[in-house]
Amino acid sequence: MTKMHNHMGKVLPSVPDMDTQLALSAKMIDKRTSTPKGSHSYGSYFLEYSLMAEFQLLQQQRLPGIYCLPAHSSPLTWWAVLFIRQGPYQGAVFRFQVELPENYPDGDCPKVVFEAPVFHPHIDPHTHQLNVKQGFNKWKRNVNHIWQLLLYTRRTFYKIEVPNPETASNKEAARLWEQDGEKFQSLAKECVKEWEERIYTQTSDDPHYIRFSPYDSDVHDTAREELKKGGDGLSSSSEGESRHRKSFMKTGSLTIFSDDNQVETEGPNSLPK
């Protein structure tokens, strides 16, 4: 079970349309440090606004299998956890962080860095960084958003594509994916197994760092029973919505404990095919 502190103490009004955002951007550029080439230095107010707007957009998307929130110590670091439900990495729980450039939303594409090695063709075995250039060759302000980067990160585990094994971040993983699928599956499962214990290791003292603890019946049994009931015992203003949010599954399968009120969803947030 994750432990997440209250992470956003500010309330942001609805995100303005793109024209309004561009107008605000022009007004908030620090004229004293701006350059004719467009590599501007933004005031702290605009940076804070941009990041709060990005987080609001992320919340609106409700990406399945991903939890992400800005760090307390730096808004340019976002903690994230990815849950994999099918494919070679089924059952995996990977923790990573998104590192934003100081001149965000300009500059290069944000980095996706895992806490530990992940056996994958597009993840460097030494730096643990995901190669996002295939999806974002150039980061475009007001076009690309952090939620899209997270969705791309999730997709790389469900739909593995290796156009050129020689240029892959992990050449061995790329070679096995192309030539020895059985061996690749075996090493991917080993990776998932290693992360089962690693996920309980805390590598940061940041209050917003997403923490996990082993199952404790005294603490978690009540929550488990509520999940099995599909939220019938929970009070909520959006009662119907909460009852459909069932995420407790039997170990080693995709079967939820309760079959009541199942809802099939399709669209951009469904699992990649």
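Here are some numbered notes on this structure, which is a predicted model.

1. The nonpolar core. Start with the largest one, which holds 59 residues. Within that core, the residues touching the most other members are W78, Y89, F94, F114, L150 and F157. Eight elements are worth clicking through here, since each of them gives two or more residues to the core: α2 (44-61), β2 (66-70), β3 (77-83), β4 (93-99), β5 (111-114), α3 (146-158), α4 (171-179) and α5 (181-198). Helix α3 supplies the largest share, at 7 residues.

2. L150 as a way in. If you want one residue to centre the view on, L150 is a decent pick, being one of those that touch the most other core members. Leaving out residues up to four places away in sequence, L150 touches L58, L63, I66, C68, F96 and V98.

3. F114 and F157. These two also belong to the group with the most core partners, and they pair with each other through their rings. The geometry is edge-to-face, with 6.0 Å centre to centre and 70° between the planes. F114 sits in strand β5 and F157 in helix α3, 43 residues apart, so to speak a link between distant parts of the chain. F114 counts as buried because its relative accessibility is 2%, and F157 is buried with a relative accessible area of 0%.

4. The wider aromatic picture. F114 and F157 are also part of one aromatic cluster, together with Y89, F94, F96, F119, W177, F184 and W195. Over the structure, the count of aromatic pairs comes to 17.

5. W79 and Y209. For this pair, the ring centres are 5.1 Å apart and the planes meet at 85°, so the arrangement is edge-to-face. W79 is in strand β3, while Y209 is in the loop between α5 and β6 (211-212), and 130 residues separate them. Both W79 and Y209 are buried.

6. S204, next door in contact terms. S204 lies in the loop between α5 and β6. Not counting neighbours within four places in sequence, S204 is in contact with W79, Y209 and R211, which brings us back to the ring pair of the previous point. Is S204 buried or exposed? S204 is buried, at a relative accessible area of 14%. The S204 side chain also reaches the backbone nitrogen of D206, at 3.1 Å.

7. Helix α4. The buried residues in α4 are A173, A174 and L176. Looking down the axis of α4, these buried residues fall within an arc of 165°, so they line one face of the helix. What do they pack against? The partner is α5. At the start of α4, a side-chain oxygen of N170 comes to within 3.3 Å of the backbone nitrogen of E172.

8. Cysteines. How many disulfides does a search of the whole structure find? The answer is 0. Two cysteines to look at anyway: C109 counts as buried, at 8% relative accessibility, and C191 counts as buried too, at 4%.

9. Backbone points to check. Most residues other than glycine have a negative phi, and most peptide bonds are trans. With that in mind, three places deserve a look. R62 has a positive phi of about 50° although it is not a glycine, and N142 has a positive phi of about 70°, again without being a glycine. The peptide bond from Y104 to P105 is cis, with omega near 10°.

10. Where those places sit. R62 is in the loop between α2 and β2, and it is exposed, with a relative accessible area of 56%. N142 is in the loop between β5 and α3, and it is buried, with a relative accessible area of 17%. P105 is in the loop between β4 and β5.

11. One last distance. R62 and W147 are 85 residues apart in sequence, and their C-alpha atoms are 9.3 Å apart in space.

Notes
Residues are numbered from 1 along each chain as its sequence is written. This is a predicted model: local features need pLDDT of at least 70, side-chain atom pairs count only at pLDDT 80 or more; totals for chains, interfaces and linings use all residues. Side-chain values use heavy atoms; hydrogens and water are left out. A disulfide is a pair of cysteine sulfur atoms within 2.5 Å. Buried means under 20% relative accessible area, exposed over 50%, partly exposed in between (1.4 Å probe, protein chains only). A nonpolar core is a set of buried Ala, Val, Leu, Ile, Met, Phe, Trp, Tyr and Cys residues joined through side-chain atoms within 4.5 Å. Helices (H or I, at least four residues) and strands (E, at least two) are DSSP runs, numbered from the N terminus. Contact means heavy atoms within 4.5 Å. The arc is that of the directions from the helix axis to the C-beta atoms. A polar contact is a pair of N or O atoms within 3.5 Å; within protein, one must be able to donate a hydrogen and the other to accept it, and residues adjacent in sequence count only if both atoms are side-chain atoms. Rings of Phe, Tyr and Trp (its six-membered ring) pair if their centres lie within 6.5 Å; planes under 30 degrees apart count as stacked, over 60 as edge-to-face and the rest as tilted.
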